[in-house]
Amino acid sequence: MTNPSLLILPGDGIGPEVMAEVRKIIDWFGAKRGLNFDVSEDLVGGAAYDAHGTPLHDDTMARAHAADAVLLGAVGGPKYDVLDFSVKPERGLLRLRKEMDLFSNLRPAQCFDALADFSSLKKDVVAGLDIMIVRELTSGVYFGEPRGIFEEGNERVGINTQRYTESEIARVARSAFELAMRRGKKLCSMEKANVMESGILWREVVTEVGRDYPEVELSHMYADAGAMQLTRWPKQFDVIVTDNLFGDLLSDLAAMLTGSLGMLPSASLGAPMANGRPKALYEPVHGSAPDIAGQGKANPIACILSFAMALRYSFDQGAEAARLEAAIETVLADGLRTADLMGPDGGTPVSTAGMGDAILAA
Ligand code: ATP
Ligand code: MG
């Protein structure tokens, strides 16, 4: 049998630094667990622009389509601010998402016990928290037509259109139900059906798709109430599914319940491929962090957790993913901290490589 394939795109800034730690962990799984991947590496973002004059080469796009999963570091940096919009590093990432048609964006909010004090919320509110937000990523008000700034009478008017087709709602709902089946079998759908027609349709279609998942307990909440409940008592949720705009806000809110940007992974999933697994791109939520790039200060955990998500959702290795997450928990419980996980009175932080090595040892 051939090994599953993984395309690694380290990108810019701290991307290559955190990805180097993931490479160590991938090698460890091969050597110690007999879990081998066919890994290849390529350029994206500013690094691709420097080499090819484009933030994503056509060959790289083709390799992304062919891979079982793509793992990306980060793109962008001040060096590229002067570039024309069409070749900005971020366009490379947008092209990947668009051409792979990654409509379902998974963002976990998971609190490691050792960091429960680090959250801005009370410890009992976040300790043990483990929820997942599923955000629709390819439609809604960020894409709907008409859009633009127009002249109307003697003033300008800015227009965006919230637009969802039934099939767009159904496919993201299905991916959320599938996820709920693998987790706590509880799904909360959030929209504003009280004031938006797209919200009324959203609620109807999610309910219809839910008939195929009788084991999943489905509830509905207005998104504004959902924001309140997420900060009041987030542990009431398991999986939340919502549209592009509300998901943008709610996933950032939920993520920060848990502490640092350096801890947050994400997955973007598309339609199933021939092997039954969805097209998938995994990446840390953080960006290229130019302010700390090249200094060995970056926290590699977000990128390592993104690989753990790949193990779980692309490679059917949930037990190995849990093993990796447990190692991270151990290292944090031992008190190891990169600089981003320290308060002003903190001790001595470990380096990016120091954190990666400690996780390997654990
Ligand atoms: P983007 O536009 O790509 O999202 P950004 O400027 O919004 O980028 P980041 O690049 O993620 O955001 O950086 C925001 C802040 O968080 C910076 O101060 C950065 O140093 C810090 N940061 C981001 N990722 C990490 C990490 N992995 N470890 C430590 N600090 C990080
Ligand atoms: Mg940002």
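Let us start in a loop: Asp101 sits between α4 (89–99) and β4 (104–110). Helices (H or I, at least four residues) and strands (E, at least two) are DSSP runs, numbered from the N terminus. Asp101 has a phi near 55°, a positive value in a residue other than glycine. With 14 other C-beta atoms within 10 Å, Asp101 is partly exposed; a residue is buried with 20 or more such neighbours, exposed with 12 or fewer, and partly exposed in between, the C-beta atoms being placed from the backbone.

A word on the numbers: this is a predicted model, where local features need pLDDT of at least 70, side-chain atom pairs count only at pLDDT 80 or more, and totals for chains, interfaces and linings use all residues. Residues are numbered from 1 along each chain as its sequence is written, while chains are lettered from A and ligands numbered from 1 in the order in which they are written.

Another positive phi, about 45°, belongs to Ala289, which is not a glycine either. Ala289 lies in the loop between β12 (278–284) and α10 (301–313), and Ala289 is buried, having 24 other C-beta atoms within 10 Å.

Now step back to the whole chain, which holds twelve helices and twelve strands. Its radius of gyration is 21 Å, close to the 21 Å that the globule rule gives for 362 residues, so the chain is as compact as a globular protein of that length. That radius is taken over C-alpha atoms, and the rule is 2.2 Å times the number of residues to the power 0.38. Of the 362 residues, 46% count as buried.

Next, look at strand β6 (residues 144–152), home of Arg147. Pro146 lies in β6 too, and a cis peptide bond, with omega about 0°, joins Glu145 and Pro146. Arg147 counts as partly exposed, with 13 C-beta neighbours inside 10 Å. Beyond its neighbours within four places in sequence, Arg147 is in contact (C-beta atoms, placed from the backbone, within 7 Å) with Ile159, Asn160 and Thr161.

Finally, visit ligand 1. Of the 14 residues around ligand 1, Gly262, His286, Gly287, Asn299 and Asp340 come nearest; a residue is near if its C-beta atom, placed from the backbone, lies within 6 Å of the molecule. This shell has six nonpolar, six polar and two charged residues. Here Ala, Val, Leu, Ile, Met, Phe, Trp, Tyr, Cys and Pro count as nonpolar, Asp, Glu, Lys and Arg as charged, and the others, Gly among them, as polar.

Technical notes: Contact = placed C-beta atoms within 7 Å.
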